[in-house]
Amino acid sequence: MTTYTDKGPKPESGRFVSFDHVTFWVGNAKQAASYYCTRMGFESLAYKGLETGSRKTAAHVVRQNKIIYVFESMLEPFQPEDFGQHLLKHGDAAKDVAFEVVDLDAIFKRAVERGAVVVNEPYEETDENGTVRMASVKTYGDTTHTFVDRSNYKGVFLPGFKILQDKDPLLTKLPEVGLQAIDHLVGNQPNDSMISAAEWYEKNLMFHRFWSVDDSQIHTEFSSLRSIVVTNYEETIKMPINEPANGKRKSQIQEYCDYNGGAGVQHIAMRTNDIITSIINLKARGMKFLEIPATYYKNLRNQLKNSKVEVKENLDEIQRLHILVDFDDNGYLLQIFTKPMQDRPTLFLEVIQRNNHQGFGAGNFKSLFEAIEADQANRGNL
Ligand SMILES: [Fe+2]
C-alpha cells in the first residue's frame, strides 16, 4: 500500500467539516429505518411525510451519536420520476452523501467551475430554529453529494422534518451498540473508472490522495481490487474509491457493479471506541457478519509475537467474534464487516476501532476477500 503526505494547496475559501448524513432511496422507508434501529442500534430522530406536508416522499431519519441516516421512499408511482428509475435500477441504495461545510457558496462555485454537474443550485430552508443552506452535485454513478451549511441553524436535523419524541418500546430492551461517527464511506466503480472517480474529488472538491493499494498488493487466488482513498484538506472525510482488477474469477467489486447497475456506495464504516462490546451487542440484536477462518487467527498470533505493537483486547474474544486486526509498529485497527444489508449483494456496513492506526485494513484484505468469496460462491457468483 502507499500513503501520501502531500495535501496539495489549502483551499483559499470554503471548508469541509465532516460527513453530515447519508440518504438512502428505498422501497419502504418505514421498514428500512426500523431495521437499522433494531439491528444496528440507531434511534428514530425525525420524520417527514403526508402528515407534515411532504406530498411526494416520506423520510424516516435515524441517528446513533454523530451518524445520521435518512431513509426515503416515494409516495406515488414515479413521483419524482428519477426516484422511481433509481429504485427500479439500483434497488434500495445510498443516493446522497451529505457533507457539512463552511462557506457553501465558495465550495459549490469552485466545484461547478471545475466541471461538477449541478443537481440543485444553492437553496435555503427555514423553520423556527433558523436557516440551513444546501446545494447538490453529481458524483459517481447515480450518487450525489449535498453540501450543508448549518451555521445559522440550531435544530437537531433539517427544516421540514418533525422531530420525534416517542421511543420504540422494543429498543429500550436491546443492548447499546455505541457506534460514534462515520469513519469512511466507500464507492465501487466499474472497470477502469477508479482514477477518473478519484480525480473528480481532487479536481472539483480539492480533496487529496491519502492512501492507495493496487492489485499487485491485494489479491487472492481468484480476484483482486485497486483502491484510492481521497480526503479533504483537514482529513476529516475519507472516501475510498475501488475498482475491480483481473483475476481468475469475478471480483467482488464486479459482483457489486453487476447487481447495483454500475457505480455506487459499497460500504460505510462506523467508528466505535469499544468494538468488543459493539459486536457482542450487534450480534445479540441479530446482525450477521462475515466469518473468518481459524487459520487467520493462528497467523495473526504468530505475526503479533514479532511485532512491537500490543493489542489490548483479548485475542480469544476477537477470534470468537470474527473481528479482523491490522497493525504496524505504531498501532492497530480492529474491524468487522456485515453481510449485505439487503437482498442484492450490494451495500454492507463495517464497524471499526482505531488505536493509533490510520489505514483501511490492507493487511486484512486477503482474508476478507476470501470470506467474501465464500459468500460469493454461495450466491453462485464466483
Ligand atoms: Fe472499509
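**Where domain 1 meets domain 2, and the strand β6**

Reader: How is β6 covered, and how many of its residues are buried?

Author: In this predicted model, the strand β6 spans residues 93-102. A residue counts as buried if 20 or more other C-beta atoms lie within 10 Å of its own, and by that cut-off β6 is mostly covered. Of its ten residues, the number buried is nine.

Reader: Which strand pairs with β6 in the antiparallel sense, and which residue stands opposite Glu100?

Author: The antiparallel pairing of β6 is with β2, and it extends over nine bridges. Within β6, Glu100 has a residue standing opposite, and that residue is Ser18.

Reader: Which strand runs parallel to β6, and what is the bridge partner of Ala98 there?

Author: The strand β9, residues 144-153, runs parallel to β6 and is joined to it by five bridges. In β9, the bridge partner of Ala98 is Thr146.

Reader: Which element gives the largest share of the side of domain 1 that touches domain 2?

Author: The domain assignment places domain 1 at 10-173 and domain 2 at 179-378, and the contact between them takes 31 residues from domain 1 and 33 residues from domain 2. On the side of domain 1, the elements that give two or more residues are β2, α1, α2 and β6. The largest share, five residues, comes from β2.

Reader: By class, how many residues on that side of domain 1 are nonpolar, polar and charged?

Author: The side of domain 1 that touches domain 2 includes six charged residues and eleven polar ones. The nonpolar residues there number 14.

Technical notes
Residues numbered from 1 in each chain as written. Predicted model: local features only at pLDDT ≥ 70, side-chain atom pairs only at ≥ 80, totals over all residues. Domains from an automatic or database assignment. Contact = placed C-beta atoms within 7 Å. Helix = DSSP H or I, 4+ residues; strand = E, 2+ residues; numbered from the N terminus. Nonpolar A, V, L, I, M, F, W, Y, C, P; charged D, E, K, R; others polar. Buried ≥ 20, exposed ≤ 12 C-beta atoms within 10 Å, placed from the backbone. Pairing = 2+ DSSP bridges.
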